[in-house]
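Here is a short report on one protein model. Look at the strands first, then at the side chains that meet across them.

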Amino acid sequence: MLFLLVITPAFSQESEGEEQTKHRVAFLFGLTHIPRTIENGELLKSEELTTIGIDYFYILNQKWHIGVVLDLELGKYAVDFDGENIPRENALVTGLVAVYRIYKGWSIFTGPGVEFEKNKNIFIIRAGMEYEFELGKNWGLAPAFSYDFKKEYSAYSLGVALSKRF
(Lines give C-alpha, C1' and ligand atoms only; values in the text may rest on other atoms or scores of the structure.)
Protein backbone atom coordinates (compact mmCIF):
# COMPACT_ATOMS: atom_id res chain seq x y z
CA MET A 1 0.00 0.00 0.00
CA LEU A 2 2.86 2.37 0.79
CA PHE A 3 4.28 1.73 -2.69
CA LEU A 4 0.94 2.73 -4.24
CA LEU A 5 0.82 5.90 -2.15
CA VAL A 6 4.28 6.91 -3.38
CA ILE A 7 4.06 5.90 -7.06
CA THR A 8 0.45 6.82 -7.91
CA PRO A 9 0.80 10.64 -7.73
CA ALA A 10 3.38 10.47 -10.50
CA PHE A 11 0.71 9.09 -12.82
CA SER A 12 -2.23 11.13 -11.52
CA GLN A 13 -3.92 13.66 -13.78
CA GLU A 14 -6.33 16.47 -13.12
CA SER A 15 -9.79 15.71 -14.45
CA GLU A 16 -10.84 19.27 -15.33
CA GLY A 17 -11.56 18.39 -18.96
CA GLU A 18 -13.47 15.23 -18.13
CA GLU A 19 -17.26 15.13 -18.28
CA GLN A 20 -19.40 15.31 -15.15
CA THR A 21 -20.41 11.89 -13.88
CA LYS A 22 -23.10 10.82 -11.41
CA HIS A 23 -22.06 7.24 -10.63
CA ARG A 24 -18.95 5.61 -9.20
CA VAL A 25 -18.26 1.89 -8.84
CA ALA A 26 -15.27 0.70 -6.82
CA PHE A 27 -13.68 -2.73 -6.48
CA LEU A 28 -11.88 -3.18 -3.15
CA PHE A 29 -9.12 -5.51 -2.04
CA GLY A 30 -7.86 -5.34 1.54
CA LEU A 31 -7.31 -6.84 4.97
CA THR A 32 -9.70 -6.79 7.91
CA HIS A 33 -8.24 -6.94 11.41
CA ILE A 34 -10.26 -8.70 14.12
CA PRO A 35 -8.58 -7.72 17.44
CA ARG A 36 -9.63 -10.69 19.62
CA THR A 37 -10.64 -14.11 18.36
CA ILE A 38 -11.20 -17.46 20.06
CA GLU A 39 -9.94 -20.85 18.98
CA ASN A 40 -10.66 -24.05 20.93
CA GLY A 41 -11.96 -21.99 23.84
CA GLU A 42 -8.75 -19.93 24.11
CA LEU A 43 -8.47 -16.21 23.46
CA LEU A 44 -6.06 -15.44 20.64
CA LYS A 45 -4.42 -12.10 19.93
CA SER A 46 -5.94 -11.20 16.58
CA GLU A 47 -6.92 -12.38 13.11
CA GLU A 48 -6.37 -10.78 9.71
CA LEU A 49 -8.78 -11.68 6.93
CA THR A 50 -8.57 -11.04 3.22
CA THR A 51 -11.46 -8.79 2.21
CA ILE A 52 -12.90 -8.18 -1.24
CA GLY A 53 -15.69 -5.79 -2.01
CA ILE A 54 -17.69 -3.76 -4.43
CA ASP A 55 -19.14 -0.33 -3.71
CA TYR A 56 -21.60 1.85 -5.61
CA PHE A 57 -21.89 5.60 -5.07
CA TYR A 58 -24.30 8.16 -6.44
CA ILE A 59 -22.66 11.56 -6.73
CA LEU A 60 -25.06 14.22 -5.44
CA ASN A 61 -22.60 17.10 -5.94
CA GLN A 62 -18.86 17.76 -5.63
CA LYS A 63 -18.95 17.39 -1.84
CA TRP A 64 -21.63 14.77 -1.10
CA HIS A 65 -22.07 11.19 -2.32
CA ILE A 66 -24.29 8.39 -1.02
CA GLY A 67 -23.46 4.77 -1.50
CA VAL A 68 -23.85 1.09 -0.82
CA VAL A 69 -20.88 -1.01 0.28
CA LEU A 70 -20.59 -4.81 0.07
CA ASP A 71 -17.50 -6.45 1.55
CA LEU A 72 -16.84 -10.16 1.91
CA GLU A 73 -14.48 -11.14 4.74
CA LEU A 74 -12.85 -14.39 3.62
CA GLY A 75 -12.09 -16.43 6.71
CA LYS A 76 -13.27 -18.42 9.67
CA TYR A 77 -12.95 -17.34 13.31
CA ALA A 78 -14.92 -17.03 16.55
CA VAL A 79 -15.38 -14.11 18.93
CA ASP A 80 -16.52 -13.86 22.54
CA PHE A 81 -19.69 -11.92 23.26
CA ASP A 82 -21.08 -11.96 26.80
CA GLY A 83 -19.37 -15.28 27.51
CA GLU A 84 -20.71 -16.93 24.36
CA ASN A 85 -18.48 -17.99 21.48
CA ILE A 86 -19.89 -16.64 18.22
CA PRO A 87 -18.48 -18.46 15.18
CA ARG A 88 -17.99 -16.31 12.06
CA GLU A 89 -17.34 -17.58 8.55
CA ASN A 90 -17.13 -15.54 5.33
CA ALA A 91 -19.18 -12.66 6.70
CA LEU A 92 -20.82 -10.32 4.17
CA VAL A 93 -20.63 -6.74 5.45
CA THR A 94 -23.16 -4.35 3.92
CA GLY A 95 -23.77 -0.70 4.54
CA LEU A 96 -25.44 2.49 3.38
CA VAL A 97 -22.95 5.33 3.70
CA ALA A 98 -22.82 9.08 3.27
CA VAL A 99 -19.55 10.38 1.85
CA TYR A 100 -18.22 13.90 2.34
CA ARG A 101 -15.28 15.03 0.20
CA ILE A 102 -13.17 17.16 2.55
CA TYR A 103 -10.48 18.46 0.23
CA LYS A 104 -9.42 17.37 -3.27
CA GLY A 105 -9.12 13.56 -3.06
CA TRP A 106 -9.77 13.22 0.69
CA SER A 107 -13.14 11.83 1.78
CA ILE A 108 -14.73 10.66 5.01
CA PHE A 109 -17.74 8.36 5.19
CA THR A 110 -20.12 6.86 7.72
CA GLY A 111 -23.36 4.95 7.87
CA PRO A 112 -25.29 1.96 9.24
CA GLY A 113 -25.06 -1.59 7.98
CA VAL A 114 -25.43 -5.27 8.73
CA GLU A 115 -22.81 -7.99 8.85
CA PHE A 116 -24.58 -11.07 7.47
CA GLU A 117 -23.26 -14.45 8.55
CA LYS A 118 -24.93 -17.86 8.83
CA ASN A 119 -24.58 -18.06 12.64
CA LYS A 120 -25.51 -14.51 13.65
CA ASN A 121 -26.21 -11.25 11.83
CA ILE A 122 -24.72 -8.17 13.48
CA PHE A 123 -25.68 -4.49 13.20
CA ILE A 124 -22.72 -2.18 12.46
CA ILE A 125 -21.88 1.47 12.10
CA ARG A 126 -19.10 1.96 9.53
CA ALA A 127 -16.85 5.01 9.51
CA GLY A 128 -13.73 5.67 7.53
CA MET A 129 -11.67 7.74 5.17
CA GLU A 130 -9.97 7.44 1.80
CA TYR A 131 -7.81 9.38 -0.60
CA GLU A 132 -8.63 8.94 -4.29
CA PHE A 133 -5.90 9.46 -6.86
CA GLU A 134 -7.37 10.39 -10.23
CA LEU A 135 -5.86 8.24 -12.97
CA GLY A 136 -7.60 9.89 -15.92
CA LYS A 137 -10.56 8.85 -18.10
CA ASN A 138 -12.73 8.68 -14.93
CA TRP A 139 -10.60 5.98 -13.27
CA GLY A 140 -9.32 6.29 -9.71
CA LEU A 141 -7.22 4.46 -7.15
CA ALA A 142 -8.05 4.96 -3.47
CA PRO A 143 -6.26 3.65 -0.38
CA ALA A 144 -8.95 3.42 2.30
CA PHE A 145 -9.38 2.85 6.03
CA SER A 146 -12.67 1.84 7.63
CA TYR A 147 -13.76 0.95 11.16
CA ASP A 148 -16.84 -1.14 11.92
CA PHE A 149 -18.37 -0.39 15.32
CA LYS A 150 -20.31 -3.42 16.60
CA LYS A 151 -21.87 -4.22 19.97
CA GLU A 152 -20.33 -7.71 19.86
CA TYR A 153 -16.81 -6.72 18.69
CA SER A 154 -15.23 -4.17 16.39
CA ALA A 155 -12.92 -4.48 13.41
CA TYR A 156 -10.98 -2.26 11.08
CA SER A 157 -9.96 -2.64 7.45
CA LEU A 158 -7.21 -1.31 5.23
CA GLY A 159 -7.63 -1.63 1.51
CA VAL A 160 -7.16 -0.26 -1.96
CA ALA A 161 -10.10 0.43 -4.27
CA LEU A 162 -9.99 0.75 -8.04
CA SER A 163 -12.90 2.92 -9.15
CA LYS A 164 -14.64 3.98 -12.35
CA ARG A 165 -16.96 6.96 -12.71
CA PHE A 166 -19.67 7.04 -15.35
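## A ring pair to start with

Is Tyr-100 buried, partly exposed or exposed? Tyr-100 is partly exposed, because its relative accessible area is 29%. Keep in mind that this is a predicted model.

By the rule used here, the count comes to six aromatic pairs. In one of them, Trp-64 and Tyr-100 form a tilted pair. Their ring centres lie 4.8 Å apart, with 55° between the planes. The pair links distant parts of the chain: Trp-64 sits in strand S5 and Tyr-100 in strand S8, 36 residues apart. Trp-64 has a relative accessible area of 41%, so it is partly exposed. Elsewhere, ring pairs link Trp-106, Tyr-131 and Phe-133 into a cluster.

## Strands S8, S9 and S10

Start with S8 and S9. These strands run antiparallel, and nine bridges join them. One example is Ala-98, whose bridge partner in S9 is Thr-110. S8 and S9 form a hairpin with two residues between the strands. In this hairpin, Lys-104 takes a positive phi near 45°.

Now move on to S10. Ten bridges join S9 to S10, and these two strands also run antiparallel. Here Ser-107 has Glu-130 in S10 as its bridge partner. S9 and S10 form a hairpin too, with five residues between them.

## Two faces of S9

In a regular strand the side chains alternate between the two faces of the sheet. The side chains along S9 alternate as well. Ser-107, Phe-109, Gly-111, Gly-113 and Glu-115 point to one face and are buried. Trp-106, Ile-108, Thr-110, Pro-112, Val-114 and Phe-116 point to the other face and are not buried.

Ala-127 lies in strand S10. Ala-127 counts as partly exposed because its relative accessible area is 23%. Buried would require a value under 20%. Leaving out residues up to four places away in sequence, Ala-127 touches Phe-109, Thr-110, Phe-145, Ser-146, Tyr-147 and Phe-149. Ala-127 and Gly-111 are 16 residues apart in sequence, yet their C-alpha atoms are 6.7 Å apart in space.

## Buried charges around Arg-126

Side chains of opposite charge can pair when their charged atoms come close. Which residue forms a salt bridge with Arg-126? The partner is Asp-148, and the closest N and O atoms are 2.7 Å apart. This pair links distant parts of the chain: Arg-126 is in strand S10 and Asp-148 in strand S12, 22 residues apart. Arg-126 has a relative accessible area of 6%, so it is buried. Asp-148 is buried as well, because its relative accessibility is 2%.

Arg-126 also meets Asp-71. A polar contact of 2.7 Å joins their side chains. Asp-71 is found in strand S5, which spans residues 64-74. Asp-71 counts as buried because its relative accessibility is 4%. Beyond residues up to four places away in sequence, Asp-71 touches several others, including Leu-28, Thr-51, Asp-55, Ala-91, Val-93 and Arg-126.

## Other salt bridges

How many salt bridges does a search of the whole structure find? The search finds eleven salt bridges. In one, the side chains of Glu-89 and Lys-118 meet at 3.3 Å, N to O. The two residues are 29 apart in sequence: Glu-89 is in strand S7, and Lys-118 is in the loop between S9 and S10. Glu-89 is partly exposed because its relative accessible area is 29%. Lys-118 reaches 67%, so it is exposed.

Glu-132 and Arg-101 form another salt bridge, at 3.6 Å from N to O. This pair also links distant parts of the chain, 31 residues apart. Glu-132 lies in the loop between S10 and S11, and Arg-101 lies in S8. Both of these residues are buried. They belong to a salt-bridge network that links Arg-24, Arg-101, Glu-130, Glu-132 and Arg-165. Glu-130 has appeared already, as the bridge partner of Ser-107.

Methods
Residues are numbered from 1 along each chain as its sequence is written. This is a predicted model: local features need pLDDT of at least 70, side-chain atom pairs count only at pLDDT 80 or more; totals for chains, interfaces and linings use all residues. Side-chain values use heavy atoms; hydrogens and water are left out. Helices (H or I, at least four residues) and strands (E, at least two) are DSSP runs, numbered from the N terminus. Buried means under 20% relative accessible area, exposed over 50%, partly exposed in between (1.4 Å probe, protein chains only). A polar contact is a pair of N or O atoms within 3.5 Å; within protein, one must be able to donate a hydrogen and the other to accept it, and residues adjacent in sequence count only if both atoms are side-chain atoms. Contact means heavy atoms within 4.5 Å. A salt bridge is a side-chain nitrogen of Lys or Arg within 4 Å of a carboxyl oxygen of Asp or Glu. Rings of Phe, Tyr and Trp (its six-membered ring) pair if their centres lie within 6.5 Å; planes under 30 degrees apart count as stacked, over 60 as edge-to-face and the rest as tilted. Two strands pair if DSSP finds at least two bridges between them.
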